[in-house]
Amino acid sequence: MRTKTHKIRVGLFVTITAALLAVVLVVFGGLRFWEHKAHYTILFDDTVMGLESGAQVYLNGIKIGRVDKIEVAPNDLRKVQVSITIAADAPIHSDTVAMLQYAGITGLKVIDLR
């Protein structure tokens, strides 16, 4: 009888530990499965040197997303295509302009939507 009780206790401990680990990952890891995101593609005519995947995207100085992918535009090798993911409720209009801005003294760039 003792082994059956022991197995139940170990199973319960493992289940509770896994649930707590999942909660910690969601809360502290920034995993936000419940948020809706919008995806946009931006074409830049000039160099994007200093812009990296994972860089922040701002709307008038407020952080709303991040850069997903940077690549040469498939239709025009002189342009750079940048894919971004932003909050779905961000007020993006047809006249919104994307500008590259420096993020401090490091030389890294971010995208500022205006």
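The legends below walk through close-up views of a predicted model.

**Figure 1. How confident is the predictor in this chain?**
Let's begin with the confidence values that come with this predicted model. Across the chain the mean pLDDT is 88, and 94% of the residues reach 70 or more. Of the chain's elements, helix α1, covering residues 2-28, has the lowest mean pLDDT, at 88. Strand β4 has the highest, at 94. A general caution is worth keeping in mind: where pLDDT is low, the predicted coordinates should not be read in detail.

**Figure 2. Six strands make up an open sheet**.
Follow the strands across this view and you meet them in the order β1-β4-β3-β2-β6-β5, with mixed pairing. Which strands stand at the edges? They are β1 (37-44) and β5 (98-102), and each has a single partner strand, so one side of each is left without a neighbour in the sheet. On average, neighbouring strands of the sheet are turned by 35° against each other, direction ignored.

**Figure 3. Strand β4 sits between β1 and β3 in the sheet order**.
This close-up stays with β4, which spans residues 80-87. On one side, β4 pairs with β3 (residues 62-72) in the antiparallel sense, over seven bridges. On the other, β1 and β4 are also joined in the antiparallel sense, here over eight bridges. Q81 is a handy landmark in β4: E71 stands opposite Q81, and Q81 is also the bridge partner of L43. Why can β4 be called largely enclosed by the rest of the structure? Seven of its eight residues are buried, so the rest of the structure largely encloses this strand. As general background for any such view, the side chains of a regular strand alternate between the two faces of the sheet.

**Figure 4. The hairpin of β5 and β6 has six residues between its strands**.
Strand β5 and strand β6 (residues 109-113) pair in the antiparallel sense over five bridges. One pair to look for is Y102, which stands opposite K109 in β6. Within the hairpin, G104 takes a positive phi near 110°. Another glycine, G107, is found in the loop between β5 and β6. Is G107 buried or partly exposed? With a relative accessibility of 31%, G107 counts as partly exposed. G107 and L51 are 56 residues apart in sequence, and their C-alpha atoms are 8.9 Å apart in space.

**Figure 5. Three of the salt bridges, seen up close**.
The count for the model comes to five salt bridges, and this view includes the ones below. D68 and R66 meet through their side chains, with an N to O distance of 2.5 Å. D68 is partly exposed, with a relative accessible area of 28%, and R66 is partly exposed too, at 44%. A further salt bridge joins the side chains of D76 and R78, at 3.1 Å from N to O. R78 counts as exposed, with 67% relative accessibility. How far apart are the closest N and O atoms of R114 and D112? They are 2.8 Å apart in the salt bridge between these two residues. D112 is buried, with a relative accessible area of 6%.

**Figure 6. Helix α1 and a nonpolar surface patch**.
Which residues make the nonpolar surface patch of about 420 Å²? The patch is made by V23, V24, V27 and F28. V23 lies in helix α1 and is partly exposed, with a relative accessible area of 49%. V26 also lies in helix α1, and V26 is partly exposed as well, with a relative accessible area of 25%. To place V26 against another part of the chain, look for T47. The two residues are 21 residues apart along the chain, and their C-alpha atoms are separated by 36 Å. While you are looking at this helix, recall that α1 has the lowest mean pLDDT among the elements of the chain.

Methods:
Residues are numbered from 1 along each chain as its sequence is written. This is a predicted model: local features need pLDDT of at least 70, side-chain atom pairs count only at pLDDT 80 or more; totals for chains, interfaces and linings use all residues. Side-chain values use heavy atoms; hydrogens and water are left out. Two strands pair if DSSP finds at least two bridges between them. Helices (H or I, at least four residues) and strands (E, at least two) are DSSP runs, numbered from the N terminus. Axes are lines fitted to C-alpha atoms, for helices over the stretch in contact, and angles run from 0 to 180 degrees between N-to-C directions. Buried means under 20% relative accessible area, exposed over 50%, partly exposed in between (1.4 Å probe, protein chains only). A salt bridge is a side-chain nitrogen of Lys or Arg within 4 Å of a carboxyl oxygen of Asp or Glu. pLDDT is the predictor's confidence in each residue, from 0 to 100. Patches are made of residues with over 30% relative accessible area and no salt bridge: like charges are joined within 9 Å, nonpolar side chains (Val, Leu, Ile, Met, Phe, Trp, Tyr) within 5 Å. Accessible areas come from the Shrake-Rupley method with a 1.4 Å probe; for residues, only the protein chains shown count as cover.
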